[in-house]
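This briefing goes through the ligand site, the cavities and two backbone features of one protein. Please look over the sequence and the 3D view before reading on.

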Amino acid sequence: MKYDVIIIGSGPAGANAALELSRSDLHILVIEKESLPRKKPCGGAMPPSVSELIRVDISKVVKNRTGFLESYYNYEDRVMERFLESEAPIMIDRSEFDYYLLKQAAVEGSGKVELLDNSRVVSVDEKEDEVRVALESGGKYSARYLIGADGALGKTASCVGLMKKRKFATSIDAEIITDEQYYDTHSDRLHINYFCLPYGYGWIFPKEKNRFSCGVGTWGKPLDIRAEINRFIKRSIPENCIKNIQISGYPIPVFQGTRRLSTKRVLLTGDAAALVDPVRGEGIRFALHSGKIAAAVILKLLRENKKPSDQSILTEYDKRVYEEIGKELKSQLFFQSLAFHHSPGMYYRKFVKREA
Ligand SMILES: Cc1cc2nc3c(=O)[nH]c(=O)nc-3n(C[C@H](O)[C@H](O)[C@H](O)COP(=O)(O)OP(=O)(O)OC[C@H]3O[C@@H](n4cnc5c(N)ncnc54)[C@H](O)[C@@H]3O)c2cc1C
């Protein structure tokens with residue numbers, strides 16, 4: 001069956017692209033390898049401004065709002081800072097949030113947005129007049145355009161020759177259930193412990209009632225990340241407050257500078273395009289944003305009936321991503337090199353503690 005657009009991946013990038021396309025007359029197919037709703041290791045913190053990128057109300061799936069940022073430099077030199085009301089991060093549960101966006105897309109698309117889960121894409125083949133997708137199960141689909149929203153470990157980028165030599169940060173997330181008393185005294189803050197492991201940091205984020213995301217990530221050489229998370233948990237949360245711990249790891253593709261993100265018929269979004277803050281590891285906002293831009297560019301392309309050989313419109317995708325996302329990420333590269341390679345102490349004093 002031939003679709004107008006195939007989206008591979010149902011994370012924030014793919015789900016938001018589907019949502020943006022759902023009001024058009026286009027036939028959309030979203031392909032997801034996991035069964036929905038799927039789990040994604042993630043801290044689940046996002047700035048409230050993300051709601052401007054999503055055209056449905058997300059307040060129903062916001063689990064918590066934080067008020068403070070509590071920072072440490074390798075377990076010492078604590079600073080507590082109050083967020084401005086308009087910038088206080090909101091907390092989500094990723095399986096619920098991502099699936100909510102996708103369901104909204106299916107409802108608004110009333111039959112024109114199809115979801116295919118439990119379906120792993122094994123190849124993407126770009127032809128002159130269409131893109132062909134093959135599944136592990138043997139299924140075959142094609143479309144006029146394809147959005148690669150298949151994250152850090154997806155297939156799309158390598159199949160179409162984009163994003164060669166990506167760099168990954170190693171990270172691991174522990175979902176921790178605590179007792180009520182610990183939650184009540186820590187639910188108002190994001191806790192970040194800079195450089196508590198080499199070239200990285202640890203975090204404790206209050207996701208929802210009695211549940212925290214506690215993780216560590218390193219931008220340096222791979223190390224024994226399980227030993228690091230165990231050490232971090234042991235030193236940060238009193239053992240008698242912990243009721244359950246579930247650990248899962250996942251790589252974070254780190255933004256390395258401007259790259260080509262599209263071909264004639266394929267547009268990469270979110271983690272598949274390495275649109276992740278190279279210092280903080282923040283990626284949800286950029287995934288939502290790039291999914292929205294990809295949808296807008298495809299809609300424009302089809303509305304203006306541009307010939308596929310006309311590359312200008314897809315360059316427009318690269319240009320828009322650079323203008324609206326890439327510039328911000330590029331400026332973070334300076335801080336990445338300062339914080340993780342040259343002068344962690346200075347980074348902490350000047351940019352976390354904000355000493356003059
Ligand atoms: C431990 C950890 C903590 C993090 N914490 C935060 C945080 O607090 N705040 C923040 O903003 N960011 C955080 N991030 C980053 C954030 O999770 C990602 O940037 C975000 O998930 C990117 O969204 P995406 O839609 O691009 O990709 P994903 O959410 O990874 O979605 C990709 C989807 O594609 C599917 N897929 C992959 N391959 C195939 C295939 N072959 N066929 C079909 N489907 C496929 C996957 O199953 C998945 O559902 C964290 C990341 C990690 C690893």
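The shell around the ligand is made up of 15 nonpolar, 12 polar and 11 charged residues. In total, 38 residues surround the ligand in this predicted model. Residues of domain 1 (2-38 + 46-64 + 91-166 + 254-336) and of domain 2 (168-253) both belong to that shell, so the ligand lies between the two domains.

**The ligand and its contacts**

- The residues closest to the ligand are Glu32, Arg38, Gly43, Ala45 and Asp271.
- Asp271 also makes a polar contact through its side chain: a polar atom there is 2.7 Å from an oxygen atom of the ligand.
- Ala13 uses its backbone instead, with a polar backbone atom 3.0 Å from an oxygen atom of the ligand.
- Val121 likewise has a polar backbone atom at 2.9 Å from the ligand, but here the ligand atom is a nitrogen.
- On its own the ligand has 1,000 Å² of accessible area, and the protein covers 96% of that area.
- Five elements give two or more residues each to the shell: helix H1 (12-21), strand E12 (168-178), strand E14 (200-208), strand E16 (242-253) and helix H6 (284-303).

**The largest cavity**

- The structure contains 4 cavities of 30 Å³ or more.
- The volume of the largest cavity is about 130 Å³.
- Its lining consists of 15 residues, and those nearest the centre of the cavity are Phe255, Gly257, Thr258, Arg259 and Leu261.
- Sorted by class, the lining of the largest cavity has 9 nonpolar, 4 polar and 2 charged residues.

**The second largest cavity**

- The second largest cavity has a volume of about 40 Å³.
- Which residues line the second largest cavity? They are Glu70, Tyr182, His186, Arg189, His191, Ile204, Pro206 and Phe212.
- Helix H4 (180-186), strand E13 (189-194) and strand E14 each give two or more residues to this lining.
- Strand E14 also gives two or more residues to the shell around the ligand.
- By class, the lining of the second largest cavity divides into 4 nonpolar, 2 polar and 2 charged residues.

**Backbone features in loops**

- Between Leu36 and Pro37 the peptide bond is cis, and its omega is near -5°.
- Pro37 sits in the loop that runs between strand E2 (28-31) and strand E3 (45-46).
- Asn210 is not a glycine, yet its phi is positive, at about 65°.
- The loop that holds Asn210 is the one between strand E14 and strand E15 (211-218).

Technical notes: Residues are numbered from 1 along each chain as its sequence is written. This is a predicted model: local features need pLDDT of at least 70, side-chain atom pairs count only at pLDDT 80 or more; totals for chains, interfaces and linings use all residues. Side-chain values use heavy atoms; hydrogens and water are left out. A residue is near a molecule or strand if one of its heavy atoms lies within 4 Å of it. A polar contact is a pair of N or O atoms within 3.5 Å; within protein, one must be able to donate a hydrogen and the other to accept it, and residues adjacent in sequence count only if both atoms are side-chain atoms. Accessible areas come from the Shrake-Rupley method with a 1.4 Å probe; for residues, only the protein chains shown count as cover. Helices (H or I, at least four residues) and strands (E, at least two) are DSSP runs, numbered from the N terminus. Ala, Val, Leu, Ile, Met, Phe, Trp, Tyr, Cys and Pro count as nonpolar, Asp, Glu, Lys and Arg as charged, and the others, Gly among them, as polar. Domain bounds come from an automatic or database domain assignment. On a 1 Å grid over the protein atoms alone, a cavity is a set of points where a 1.4 Å probe fits but cannot get out, and a pocket is an open set with protein on both sides within 12 Å along at least five of seven lines; lining residues have an atom within 4 Å of a point. Grid points are joined across faces, edges and corners, and a volume is the space filled by probe spheres set on the points.
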